[in-house]
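Hi,

Here is the structure I promised to pass on. Have a look at it first, and then read my notes below with it open beside you.

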Amino acid sequence: MEPEILIVAEHNGSELDPITFDLIAWGSQIASEKNWKVGVLVLGFQVNGLLETMRRSAVDVIFALDDPVLQDYNSCVYVQAVARTLMKTAPRLILLGHTYLGIEISGGLAAKLDATLWSNCLAIKPTPGGFLVTRPVSGGAFLSTLEIESGACNVISLQRGSSPLKELPIKFPEVIGLSVPPESDPARIKVTGETKPSFAEDITKADLLVAVGRGIGQQSRLPPFLDLAQALGGAIAASRPIVDMGWLSVDHQVGLSGVTVRPKVYLACGISGSAQHVAGMRDSRLIIAINEDPSAPIFQIAHYGIVGDIFEIVPALINEARRSADRQEKSGGTTN
Amino acid sequence: MNIVVCLKAVPTNVKDPVPKSDGAGILTEGDCFMNASDDYALEQALLLKKDFGTRVTAVTVGSVRSQDILHVSLAKGADEAIRVDADEFDPNIVSFILSRALRDLSYDLILTGVESSDGMSSQVGISLGAQLGLPYVYAVTKMAFGNGEDRLLVTRELGGGRYQTLEVDKPALLCVQSGIAPLTYTPPVKLIHARRKGVPSRSLSDLGITGEELARRRKTKVIEIKPLEKNSSTQWLSGNPEQLARVIIDKISKAL
Ligand SMILES: Cc1cc2nc3c(=O)[nH]c(=O)nc-3n(C[C@H](O)[C@H](O)[C@H](O)COP(=O)(O)OP(=O)(O)OC[C@H]3O[C@@H](n4cnc5c(N)ncnc54)[C@H](O)[C@@H]3O)c2cc1C
Ligand SMILES: Nc1ncnc2c1ncn2[C@@H]1O[C@H](COP(=O)(O)O)[C@@H](O)[C@H]1O
């Protein structure tokens, strides 16, 4: 079978990464409009268990590429392996996740195929001459719509959580095993290891986080936020630039490349709300954001939004938090 | 040893971006600054220059509005800066132009940032590396030379606090993640000097890129740009700081 749409699956060896379902949803939607077929390519080593979990996936065919050389992710090896599959499948559209892996594989494939690539998309709509895609620009405060002429093959990568469907139909795809011939030239990238840092402080345990972003401007302006976190009995967290500049240690970084937190309260101060930051805090129970820019994307996910200067509000917050703590102590004292 | 660093000038405080009339890009106003992760890529290149005497060349594709970031790169210590005079927005086209510009340069290493704040594609670096036939790595947080200066020892992010360590053959393209090295101060005197000296620009025809070739690669039109729609379930709080503080602390106390 030669499906017109090929999806490159992401997984951890035993479970599909949820972004794969976003891709399958987009694939099925486009396929039904165009009367196309959808295939999903699963690359890795010892993926049999994974294939078992995909028995009812909403695609027409699953290509499985199971080989020891695919055990560790390596862009050189993976891009070559996907490119070899393409010689057998010749899709019109390749969909990948806009992820660490997807960014490398999509760029590598597009160059090999001389195909137009658009990354970081939120939506795709097929048109008679190609595709319309929607993607963020200018810091994410704006959405652009682009019209892409269809080429022999187009490559598009999509953001996590962009699925247009709540539920996927059940299908029973055919599974086709492929084999990767061993590398002819030794890969120019060699994976030597994988590490996980150990964090000194665990902000995932805090019920309340006061999170600071680039909006605080200078390191010397950090102390009031530490005071506020203390007055509220919570911990301090930060967006990446604050950690990059060395103002707080990496264990405070929330987001895609930091930690994922789900506190009862997340108070975002001077944080714009980039997709990479939001990825690490969107499930917080109560999100309050203070930002001077009313169009900042953080307000998309905030339950309460305050448009204003953090430096005007924070001193008042500290006072009020201390007063409230005093009140609680007093009332605690009288009732006991 | 030679390092090329790709830098992009990005507009800040963008108010009302609109598609260009021919759809070939986005019109914005305001000052341009060096893209955040590119600043770190440059810092990393200059650290290698200090340790290994590497020659550092900064390259940008952009209109005259983007040339000041090259002045900054020279003031910080780059040996040479080149601006390719083209106001392009499509990462497919920008990476192609860069691949042509780099064809005439010698390099052991190409560094880019991870993502530009205006284009947000995280694509130009990898696409450039792939077009030049180089190994490429995205989101590099550490790098060093191993085995003499033959191989690159690279640490890269995989997200969620996971990191991979790699050995990469030279020449290679690395997309540098922000935070890789501390940013250094740009001495104003050097900046004034660099601005006075100026930077050379090269036209697309200098690079042997014809109008037809560019037109053939133009497969995308920007047809609309609009601000994010406001989320209707966000509740807006207003008032003076004291009033706001009372409301916020009340909401917080109830949620804890
Ligand atoms: C692969 C990759 C991984 C990444 N991982 C992460 C991650 O894990 N975590 C993360 O946070 N980022 C991550 N990033 C970076 C991310 O893309 C953004 O650059 C970053 O989140 C922006 O941080 P910020 O919101 O603090 O800064 P900015 O985007 O610069 O926002 C600052 C905000 O402060 C506001 N402001 C300024 N002054 C004031 C004031 N006085 N009062 C009120 N508001 C004010 C401004 O309006 C603005 O909205 C990653 C990027 C990449 C490419
Ligand atoms: N016009 C440009 N000139 C030079 N380098 C660029 C340009 N556009 C993008 N880059 C580089 O590619 C990286 C990724 O950009 P982007 O694909 O736009 O997110 C940036 O961090 C820059 O290092």
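Let's start with the two domains of chain A: their centres, taken over C-alpha atoms, are 35 Å apart. Keep in mind that this is a predicted model. The domain assignment puts domain 1 of chain A at residues 5-178 and domain 2 of chain A at residues 203-331.

How many residues of domain 1 of chain A are in contact with domain 2 of chain A? There are five, and they meet five residues of domain 2 of chain A. Between them, domain 1 and domain 2 of chain A bury about 350 Å², and 60% of that is on carbon and sulfur atoms. On the domain 1 side of chain A, the residues that lose the most area to domain 2 are A:Y100, A:G139 and A:A141, which together make up 71% of what that side buries.

I also looked for polar links between domain 1 and domain 2 of chain A. The count of salt bridges between these two domains is zero, and the count of residue pairs in polar contact, with both residues at pLDDT 80 or more, is zero as well. As for residue classes, the side of domain 1 of chain A that touches domain 2 has two nonpolar residues, three polar ones and no charged ones.

Now for the two chains together. The contact between them involves 79 residues of chain B and 78 residues of chain A. Chain B and chain A bury about 6900 Å² between them, with carbon and sulfur atoms giving 58% of it. On the chain B side, B:M120, B:K219 and B:L228 supply 9% of the area buried against chain A, more than any other three residues.

Which kinds of polar link cross from chain B to chain A? There are 40 residue pairs in polar contact across this interface, both residues being at pLDDT 80 or more. Helix α7 (residues 241-255) of chain B gives the most to the side of chain B that touches chain A, namely eleven residues. That side of chain B, where it touches chain A, divides into 35 nonpolar, 23 polar and 21 charged residues.

Four salt bridges also span the interface of chain B and chain A. One salt bridge to find in the viewer joins the side chains of A:E194 and B:R162, at 2.8 Å from N to O.

Over all chains, the structure holds 28 salt bridges, so to speak a good hunting ground for practice. Here are a few to click through.

- A:D244 and A:R240 have side chains that meet in a salt bridge, 3.3 Å from N to O. These two residues are about one helical turn apart, because they sit four residues apart in helix α6 (residues 240-244) of chain A. Are they buried or exposed? A:D244 counts as buried, since its relative accessibility is 12%, and A:R240 is buried too, at 17%. Both also belong to a network of salt bridges that takes in B:E157.

- B:K76 and B:D39 form a salt bridge whose closest N and O atoms are 3.2 Å apart. This one links distant parts of the chain: B:K76 is in helix α2 (residues 68-76) of chain B and B:D39 is in helix α1 (residues 36-52) of chain B, 37 residues apart. B:K76 is buried at 16% relative accessibility, and B:D39 is buried at 17%.

- B:R202 and B:D104 pair up in a salt bridge with the closest N and O atoms 3.6 Å apart. Again distant parts of the chain are linked: B:R202 is in strand β13 (residues 201-202) of chain B, while B:D104 is in the loop between α3 (91-103) and β8 (109-113) of chain B, 98 residues away. B:R202 is partly exposed, with a relative accessible area of 24%.

One last residue to look at is A:N291, which lies in strand β15 (residues 286-291) of chain A. A:N291 counts as buried because its relative accessibility is 10%, under the 20% cut-off. What does the side chain of A:N291 have 3.1 Å from one of its polar atoms? It is the backbone oxygen of A:I271. Leaving out residues up to four places away in sequence, A:N291 touches several others, including A:G270, A:S272, A:F299 and A:V307.

Cheers

How values were computed:
Residues are numbered from 1 along each chain as its sequence is written. Chains are lettered from A and ligands numbered from 1 in the order in which they are written. This is a predicted model: local features need pLDDT of at least 70, side-chain atom pairs count only at pLDDT 80 or more; totals for chains, interfaces and linings use all residues. Side-chain values use heavy atoms; hydrogens and water are left out. Domain bounds come from an automatic or database domain assignment. Contact means heavy atoms within 4.5 Å. Buried area is the accessible area (1.4 Å probe) that two parts lose on being put together, summed over both. A polar contact is a pair of N or O atoms within 3.5 Å; within protein, one must be able to donate a hydrogen and the other to accept it, and residues adjacent in sequence count only if both atoms are side-chain atoms. Ala, Val, Leu, Ile, Met, Phe, Trp, Tyr, Cys and Pro count as nonpolar, Asp, Glu, Lys and Arg as charged, and the others, Gly among them, as polar. Buried means under 20% relative accessible area, exposed over 50%, partly exposed in between (1.4 Å probe, protein chains only).
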